[in-house]
Amino acid sequence: MEGNILVTLSLGILITSVVAVELRNLRSTTFFYLFHSILLFSIITAYAYLFKNPSLYLWSATCFLTKIIVIPTLLFQFAKRFPSKEHRPVLGHGISVLAIGVLVVVFFRLFQSYSYLLAPNEVARTEPVRSLLAGAFTVFGLGLWALLTRRDVVKTVLGLALMENGVHLVLLALAPQLSETTMIGILTNVAAAVLILLYISSNIYQVFGSTDSARLSELKR
Amino acid sequence: MSETVSSALPLVLVVLPVLGAVFTALLSLGRVRVPRHSLTLVILVVELALAVRLAATVWSGHRVVAVGEAISVDGLSALMSVLVAFMVTLITIQSGRYMAKEQAKGVFSEGRLALYYSLILLFTGTMMWTVTTNNMLMLFVAMEGSTLATALLVAFYRSRASLEAGYKYVLLVVVGMTFALFGMVLIFAAAVQFRPEGIHALRLTEIGMVAPRIPKNIALLAMAFMTAGFATKAGLVPFHAWLPDAHSEAPTPVSALLSGLIIKLGAYALSRTVTIFAPTYHAVIVFIAILSSASMLVGIFMALVQDDLKRMLAFSSVSQISYVFEGLGLGTYVGIYGGLFHVVNHTIVKALLFMSVGAVMYATGGVRRISRLGGLAKKMPITAFCFFVGALSLGGLPPFNGFVSKFTIFLAIGEERLYWAMAISIVTGLLTLACLVWAAYRVFWRKPQNVEGAPEQSELREVPFSMRFSIVVLALLCILIGVYPHILHPALDSATRAVLAIWGRGVATP
């Protein structure tokens with residue numbers, strides 16, 4: 001029963017990531033990213049409750065602050081200045097949806113079946129941690145996919161945020177004993193990186209009049 | 001074994017520049033006219049004095065810790081912190097006139113000059129934090145901090161090219177470092193499981209005791225991720241795409257910082273983590289050797305075809321940092337010694353070369369294309385001499401410092417019987433010599449060029465003393481270390497032993 005909650009949340013986080021990557025309207029994308037972050041927060045909180053690890057509550061609080069409040073606010077604030085429609089990605093819509101579907105299924109199945117190769121302990125090899133871990137790897141893969149195939153700077157930043165979320169989920173699944181200061185450091189770091197990237201992107205928008213990273217070709221030599 | 005002393009000094013090293021940065025920024029916000037350059041310089045000189053003071057304690061056989069054991073300064077940290085403080089000070093001395101002239105030209109506003117000095121101080125703080133932290137994941141956080149502190153410096157001019165360079169720089173390095181974080185998380189998770197009683201799984205000083213117990217598949221995957229991440233930070237091929245852009249579009253003193261110090265953090269992190277696994281897994285050594293060899297060749301071939309002086313130097317950094325990786329990756333005493341020696345030498349030489357280019361750009365009004373320059377030696381003999389010393393040294397010619405460290409690395413590779421890698425590194429050395437000396441000849445000794453965009457010969461004159469000072473000091477250091485390499489031996493030996501001590505071989509003699 002208790003495992004089901006984590007498995008459901010892991011699947012939810014996968015679906016929201018896919019939607020956030022695939023949507024063409026940048027505002028809706030940011031909205032789905034917010035939803036994804038709320039699910040991430042729920043996973044950490046549920047994990048803390050189910051595994052009776054109260055130190056994780058501080059972790060979920062920091063996650064709430066950085067991932068639910070700071071990063072989406074930044075994305076909304078900056079996205080207001082940019083055009084709301086995404087620049088045409090490298091792949092067409094149909095192909096992209098198909099590819100991403102295959103990617104999610106293959107990644108998830110692969111990591112679920114072979115989690116023993118990477119999981120150093122017994123707990124991580126059994127449900128629900130196994131599914132959580134598989135979900136985490138898949139979110140990481142999705143983020144990387146978004147980075148590689150999207151040309152819009154907002155989508156690129158989103159891809160980066162997804163990759164980081166994947167790593168944080170792996171951290172939760174494999175090493176929840178992490179000290180608070182370290183965890184706060186890692187989470188704050190992502191927010192700062194997003195801030196700097198969006199700041200530079202808005203400068204790029206002012207100068208180039210576009211948020212299409214393919215336009216950044218001044219230095220290709 | 002060394003004795004552990006507790007002291008607040010390492011913490012001061014981290015906090016002082018950060019507070020200085022905040023102070024400088026606040027003063028400018030309040031529109032108070034302050035001599036920012038002098039203020040920054042004073043803070044940095046104090047920082048340097050503190051770093052030397054701390055290093056003296058470490059070199060006398062102690063390990064200094066602060067905040068419990070969260071911050072730990074051993075031989076390697078001491079070497080790096082002195083190097084950082086020394087270089088940033090010299091670079092700031094040169095920044096004064098250079099940035100003031102750029103500002104006078106109207107490239108950026110007065111307020112942004114304040115931001116410049118704030119960011120330099122912030123960068124110094126994050127560098128110090130990176131080299132003194134004893135926590136594996138905090139190492140990641142501090143390295144990211146250093147990337148973010150320099151991001152706005154790369155995009156400083158806010159031109160099309162510099163914004164593009166800044167965007168690429170942050171994005172690629174942050175993504176690369178995310179891979180490294182992934183690797184660190186895997187190692188941490190495994191270490192928590194397999195550590196012996198009483199070992200703290202995140203401490204860099206203790207991770208070596210767990211390393212051999214970590215299952216092979218986890219260790220190798222994590223090593224691959226971490227090497228890729230640190231190689232991105234260091235700018236190795238194929239993760240180098242950000243480096244030539246960032247180095248060529250940043251203000252020239254910042255290029256010297258990036259090439260001299262930032263990319264060395266990748267090497268530092270490698271020596272603290274991946275090197276520890278090298279003795280257990282031979283595959284790690286071969287993987288790093290292949291990566292470095294490819295990077296050496298690509299870097300130098302790209303450098304050879306550049307017409308832009310700064311881009312040429314940037315590509316040469318791609319090639320030179322590979323020597324460092326190769327040496328460190330071997331995990332032997334000689335390898336690590338050579339790698340760290342080359343860290344010191346390359347920092348000195350690359351900062352010297354970039355600052356000489358800065359002097360050329362200052363004198364010519366910003367010309368940096370080799371095809372437009374020529375005959376500068378007559379008007380700028382001191383800069384010409386310094387650049388030439390740097391070129392010979394980077395090319396690995398005796399009696400300059402580059403020769404000694406490169407030779408040590410060749411020996412270390414030979415010791416491991418990786419003869420193909422040795423051949424590649426020797427060939428790269430020769431190509432570097434050709435590339436740099438040929439560039440020096442064209443810029444300083446060939447007939448002045450009569451092409452569009454070439455500087456007016458009659459207006460050329462040697463740069464002011466404050467700009468010459470830094471390059472002359474560095475050029476003299478190149479010769480001094482080349483002729484008397486043993487003056488660095490105590491510091492390098494202590495640093496090498498600090499790396500070896502992590503996996504319990506600190507007592508072994510070379």
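**Contacts, a patch and a histidine in a predicted model**

Student: In this predicted model, how many residues of chain A are in contact with chain B, and what makes them count as contacts?

Tutor: There are 43 residues of chain A in contact with 42 residues of chain B, and they count because a contact requires heavy atoms within 4.5 Å.

Student: What is the area buried between chain A and chain B, and what share of that area do carbon and sulfur atoms give?

Tutor: About 4100 Å² is buried between chain A and chain B, with carbon and sulfur atoms giving 75% of that area. On the side of chain A that touches chain B, α5, α7 (129-149), α8 (153-174) and α9 (180-208) each supply at least two residues, and the largest share, 16 residues, comes from α9(A).

Student: How many salt bridges and how many residue pairs in polar contact are found between the two chains?

Tutor: The rule finds zero salt bridges across the interface of chain A and chain B, whereas the count of residue pairs in polar contact, both at pLDDT 80 or more, is four.

Student: Which residues form the nonpolar patch on the surface, and which elements give two or more residues to that patch?

Tutor: The patch consists of A:Leu98, A:Val102, A:Val106, A:Leu110, A:Tyr114, A:Tyr116 and A:Leu117, which together have about 680 Å² of accessible area. The elements giving two or more residues are α4 (93-113) and α5 (115-118) of chain A, and the largest share, four residues, comes from α4(A).

Student: Why is A:Val106 called partly exposed?

Tutor: A:Val106, which lies in helix α4 of chain A, has a relative accessibility of 42%. Partly exposed covers the range between the cut-offs of under 20% for buried and over 50% for exposed, and therefore A:Val106, at 42%, counts as partly exposed.

Student: How do you know whether B:His346 is buried or exposed?

Tutor: The relative accessible area of B:His346 is 1%, and because buried means under 20%, B:His346 is classed as buried. The residue is placed in helix α14 (residues 333-364) of chain B.

Student: Which residues does B:His346 touch, leaving aside those up to four places away in sequence?

Tutor: B:His346 touches B:Ser259, B:Ile263, B:Lys264, B:Ser317, B:Gln320, B:Ala351 and B:Leu394. As for B:His247, 99 residues apart from B:His346 along the chain, the C-alpha atoms of the two histidines are separated by 15 Å.

Terms used
Residues numbered from 1 in each chain as written. Chains lettered and ligands numbered in written order. Predicted model: local features only at pLDDT ≥ 70, side-chain atom pairs only at ≥ 80, totals over all residues. Heavy atoms only, no water. Patch = residues over 30% accessible without salt bridge, like charges linked within 9 Å, V, L, I, M, F, W, Y side chains within 5 Å. Areas by Shrake-Rupley, 256 points an atom, 1.4 Å probe, with all protein chains shown as cover. Salt bridge = Lys/Arg side-chain N within 4 Å of Asp/Glu carboxyl O. Buried < 20%, exposed > 50% of the residue type's maximum accessible area, 1.4 Å probe, protein only. Buried area = accessible area lost by both parts, 1.4 Å probe. Polar contact = N/O pair within 3.5 Å; in protein donor to acceptor, adjacent residues only side chain to side chain.
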